[in-house]
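Here's a quick briefing to keep beside you at the bench. Have a look at the sequence and the structure, then read on.

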Amino acid sequence: MSLFSYSHYRQYLRDYLKTRPNRGHGELAKIAKALGVHSTLMSLVLSGERELTLEQGYDLSKYLDLTAIETEYFSLLIQHERAGNVRYKSFVKQKLEKLQLEATQVARRFDHEKQLTDEKKAIFYSSWLYSAIRLYASTDTHGKSPEQIHNYFDLPRSKVLMILEFLEGAGLVVQNKGRYLMGPQRTFLAHGSPYLVKHHANWRIKALQRADFITDKELMFTSPISLSKGDFEKIRERLLGFLKEFSTVVKDSPAEEVACLNLDFFYVRGKGSTNPIEE
């Protein structure tokens, strides 16, 4: 359920309540309590008899755990409903449309800490092993030893130590009594990064290597299709919503295994084609 596909905040709230346990029974009371208002007021808001204030909208955004850009969009939806004249309503609508366009950039859907320097990115994204070893270190609360990493990935011990030395220096792992755990530094590549193609290629090659050994407990899916441009945009927006949910689930998931999600959804053009996508 992507907020950016909504033009009215009430409809978003109604649909949100439907996704809650027992179709939202009791949820409205929880929301009212979080906002410091009576549940009757929230019922009136949903029925269209009252409007949320901007302050209440902000508190509700926090309750809904919206990202910064979603909070901004939600506030604009409230402003649009509360607008007292056509000129201001039109002005807010333009801001909503601009924010919808910006929201298609995946990078703004996620909150990340400071990124690696370009020099460190060039090394980290040169091979899938840097990311894989870092993730593997997170699958044990006591960390992993170089020997365990050597056995798991079937790598020369000298290479394991070289990678661990880099990861530790970059803050991506920390060492404790000869064992390595995931560090506080985080990684993310925005659209347009010169390292992005290499990062995609590394893990897609790894996926192809895994294809011959895929099990029923795993998943690989490829589906060339033809569809309308409108439906393409709908699916793309839903996938972006899924990626946000994916990020939330993974963030709170206990580390037990190392896995990889590769997701591609693109227009098929001739080799080397740079033709723009027509509106």
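## Salt bridges and what's around them

Lys18 counts as partly exposed, with a relative accessibility of 47%. Its salt-bridge partner is Asp15, and the closest N and O atoms of the two are 3.9 Å apart. Keep in mind that this is a predicted model. Below, the salt bridges come first, then the overall build, the cores, the rings and a few loop residues.

**Charged pairs**

- In general, side chains of opposite charge can pair when their charged atoms come close.
- A search through the whole structure turns up 8 salt bridges.
- Asp15 and Lys18 sit in helix α1, 3 residues apart, which is about one turn of the helix.
- Asp15 is buried, because its relative accessible area of 17% falls under the 20% cut-off.
- Glu70 and Lys244 make another salt bridge, with the closest N and O atoms 2.6 Å apart.
- That pair links distant parts of the chain, as Glu70 is in helix α5 and Lys244 is in helix α12, 174 residues apart.
- Both Glu70 and Lys244 are buried.
- Asp264 pairs with Arg204, and here the closest N and O atoms are 2.4 Å apart.
- Asp264 lies in the segment after α12 while Arg204 is in helix α11 (residues 196–211), so this salt bridge ties together parts 60 residues apart in sequence.
- Asp264 is partly exposed at 44% relative accessibility, and Arg204 is partly exposed at 23%.
- Arg10, Glu51 and Glu81 are joined into one network by salt bridges that share partners.

**Overall build**

- The protein has 12 helices and 2 strands.
- Going along the sequence, the pattern reads α-α-α-α-α-α-α-α-α-α-β-β-α-α.
- Its C-alpha atoms fill a box of roughly 70 × 50 × 40 Å along the principal axes.
- Of the 279 residues in the protein, 32% are buried.
- If you take the contacts with a separation of 6 or more, 61% of them are between residues 24 or more positions apart.
- The protein exposes about 18400 Å², and carbon and sulfur atoms supply 53% of that.

**Nonpolar cores**

- The largest nonpolar core has 30 residues, and those with the most contacts inside it are Tyr9, Tyr12, Leu13, Leu52, Leu60 and Phe74.
- Helices α1 (9–19), α2 (27–35), α3 (39–47), α5 and α6 (86–103) each supply at least two residues of this core.
- Helix α5 gives the most to this core, at 6 residues.
- Another core lies apart from it, with 24 residues, including Leu116, Leu129, Ala132 and Phe166.
- Leaving out residues up to four places away in sequence, Tyr9 touches Val45, Arg50, Glu51, Leu52, Phe74, Leu77, Ile78 and Glu81.

**Thr71 in helix α5**

- Thr71 is in helix α5, which covers residues 68–82.
- Thr71 is buried, with 13% relative accessible area.
- Setting aside neighbours within four places in sequence, Thr71 is in contact with Tyr58, Ser61 and Leu66.

**Aromatic rings**

- The structure holds 16 aromatic pairs.
- The ring centres of Phe124 and Tyr130 are 6.5 Å apart and the planes are at 55 degrees, so this pair is tilted.
- Both Phe124 and Tyr130 are buried.
- Ring pairs also link Trp128, Tyr136, Tyr152, Phe153 and Trp203 into a cluster.

**Nonpolar patch on the surface**

- Phe242, Phe246, Val250, Leu261 and Leu263 make a nonpolar surface patch of about 410 Å².
- Phe246 is in helix α12 (residues 229–252), and it counts as partly exposed at 33% relative accessibility.

**Loop residues**

- Most residues other than glycine have a negative phi.
- Asp154 isn't a glycine, yet its phi is positive, at about 55 degrees.
- Asp154 sits in the loop between α9 (146–153) and α10 (157–169), and it is exposed at 67% relative accessibility.
- Lys177 also has a positive phi, near 55 degrees, and is a residue other than glycine.
- You'll find Lys177 in the loop between β1 (173–176) and β2 (179–182), exposed with a relative accessible area of 82%.
- Asp65 is in the loop between α4 (54–63) and α5, and it counts as exposed at 54% relative accessibility.
- The C-alpha atoms of Asp65 and Glu102 are 19 Å apart, with their positions 37 residues apart along the chain.

Conventions: Residues are numbered from 1 along each chain as its sequence is written. This is a predicted model: local features need pLDDT of at least 70, side-chain atom pairs count only at pLDDT 80 or more; totals for chains, interfaces and linings use all residues. Side-chain values use heavy atoms; hydrogens and water are left out. Helices (H or I, at least four residues) and strands (E, at least two) are DSSP runs, numbered from the N terminus. Buried means under 20% relative accessible area, exposed over 50%, partly exposed in between (1.4 Å probe, protein chains only). Contact means heavy atoms within 4.5 Å. A nonpolar core is a set of buried Ala, Val, Leu, Ile, Met, Phe, Trp, Tyr and Cys residues joined through side-chain atoms within 4.5 Å. Rings of Phe, Tyr and Trp (its six-membered ring) pair if their centres lie within 6.5 Å; planes under 30 degrees apart count as stacked, over 60 as edge-to-face and the rest as tilted. Patches are made of residues with over 30% relative accessible area and no salt bridge: like charges are joined within 9 Å, nonpolar side chains (Val, Leu, Ile, Met, Phe, Trp, Tyr) within 5 Å. Accessible areas come from the Shrake-Rupley method with a 1.4 Å probe; for residues, only the protein chains shown count as cover. A salt bridge is a side-chain nitrogen of Lys or Arg within 4 Å of a carboxyl oxygen of Asp or Glu.
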